[in-house]
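Biologist: I am new to this model. Please take me closely through a single part of it.

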Amino acid sequence: MISEQTRKRLKNQSEILRTIRRKGATSRSFISTSCGIRKASVTNICRDLVDRGSLNEKTPGFYRSEIELSSEYWRSLAIFIGPGEIIATIVDHNGKVYEEWTQKMGNPKTPESIVSVIVTLINNASKLKKSIVGVGISVPGIINAEKGICLSAVNLGRWHDFPLVEEITKRLPQGSPRIVIENDANAELMGNHWFGGYGETLENSLYISLGEGVGCAQLLEGNIVRGRRFSAGEIGCLPSGNEKRPCSCGKMDCLQTYCGELGIIQSVKNQNKEVTAPSIAQLCHLAKNNLEIKQQLTQAYQPLVQQISTMIALTDPAQIVIGCPDPNMDSTIPDILSTGLKSLLGWTDEEVIPVLAGLNPIKSGILGAAVSVFKNAFQDESPICNSNVNAF
């Protein structure tokens, strides 16, 4: 059990690291003022972090030198579980990717098969002999991040209460880097928040991920909204129609059966038998010069507009970010959703809520998996209080 003095030091250390991450290279004086921490405490903590390699001085040995996070220290192995493959990359705190490995997944996607692939990817990365602060994994399901448990993952074969972190850890050598997991939509939102170029404007935002399914996440004052049962944002399986479309969760007419990739294509084809586009991206490309297809796409996305409008009415976010898997969607889909929301939310007429295209969901999910590691390391004594970060 740590003392109150140590707890306070770790809290200050975490705030200092977060400030440097947001600001970039900066002075100890600025950190003291912006964080409200005494100059002497900032100096002592920063000296300790410089000695351990976590921070760099722009002018080594100079007291007034600006300090910055060390890219050699702040690196993570980020793992993204996608619909057909698992991707692993080494990412630093600036979002720079150093290496990448991809492993295809077969069917069925059992927990054991996923664990096997992840262990293989971690072992591949270990051959580089690089030091990292941890391994972050983006998981498409409801997860308890603190305990490392995947509570449910309908798109991975209906997982239930699977101890993902424990099962991976026991297959790795003793002393391997710490593993943290994050829900895929949450990871994508954090990837946009840290690396999407929006800065602090994403502190209060709603994120919608479009792909095989429909994901959702929300930041409130910079913190992920998780909910009591860790299922905040799980809108993909909300009832959204009456066409008897079967969902992978076992129910009928869930939102993702209408506004996921296959659902949108089906809805447009139901309106226009002549449409042969095999993807939403191609539909969006056609819609740029075809008003009829644009209107059909608009109609197809109405179930999602309805669900988003309810969330806006409840939480009033500053903006909405849409994760589109193809650049052809980046202007068309946000425009469709923005127009639909404006028609439903009359009180937003004076100040329209911005609907923005975010990073590609795979990219933001990978970056967000790395963010989950860095955020934990900023708040956790172990990566800093040890003399070295974990090394493969």
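Biologist: What covers the buried residues of α11?

Modeller: This is a predicted model, in which local features need pLDDT of at least 70, side-chain atom pairs count only at pLDDT 80 or more, and totals for chains, interfaces and linings use all residues. Residues are numbered from 1 along each chain as its sequence is written, and side-chain values use heavy atoms, without hydrogens and water.

The cover includes strands β12 (205–210), β13 (214–220) and β15 (319–323), and helices α7 (255–259), α10 (291–300) and α12 (329–344). Helices (H or I, at least four residues) and strands (E, at least two) are DSSP runs, numbered from the N terminus. Beneath that cover lie P303, L304, V305, Q307, I308, S309, M311 and I312. Buried means under 20% relative accessible area (1.4 Å probe, protein chains only).

Now the helix itself. α11 spans residues 302–315, 14 in number. From first C-alpha to last it reaches 20 Å, close to the 20 Å expected. That expected span is 1.5 Å times one less than the number of residues. D316 follows α11, with a positive phi near 50°.

Next, its partner α12. The two helices pack at about 60°, their axes 9 Å apart. Axes are lines fitted to C-alpha atoms over the stretch in contact, and angles run from 0 to 180 degrees between N-to-C directions. α11 is therefore oblique to α12; oblique covers angles outside under 35, over 145 and 65 to 115 degrees.

From α11, L304, V305, Q306, I308, S309 and I312 meet L337, G340, L341 and L344 of α12. Contact means heavy atoms within 4.5 Å.

Conventions:
Buried means under 20% relative accessible area, exposed over 50%, partly exposed in between (1.4 Å probe, protein chains only).
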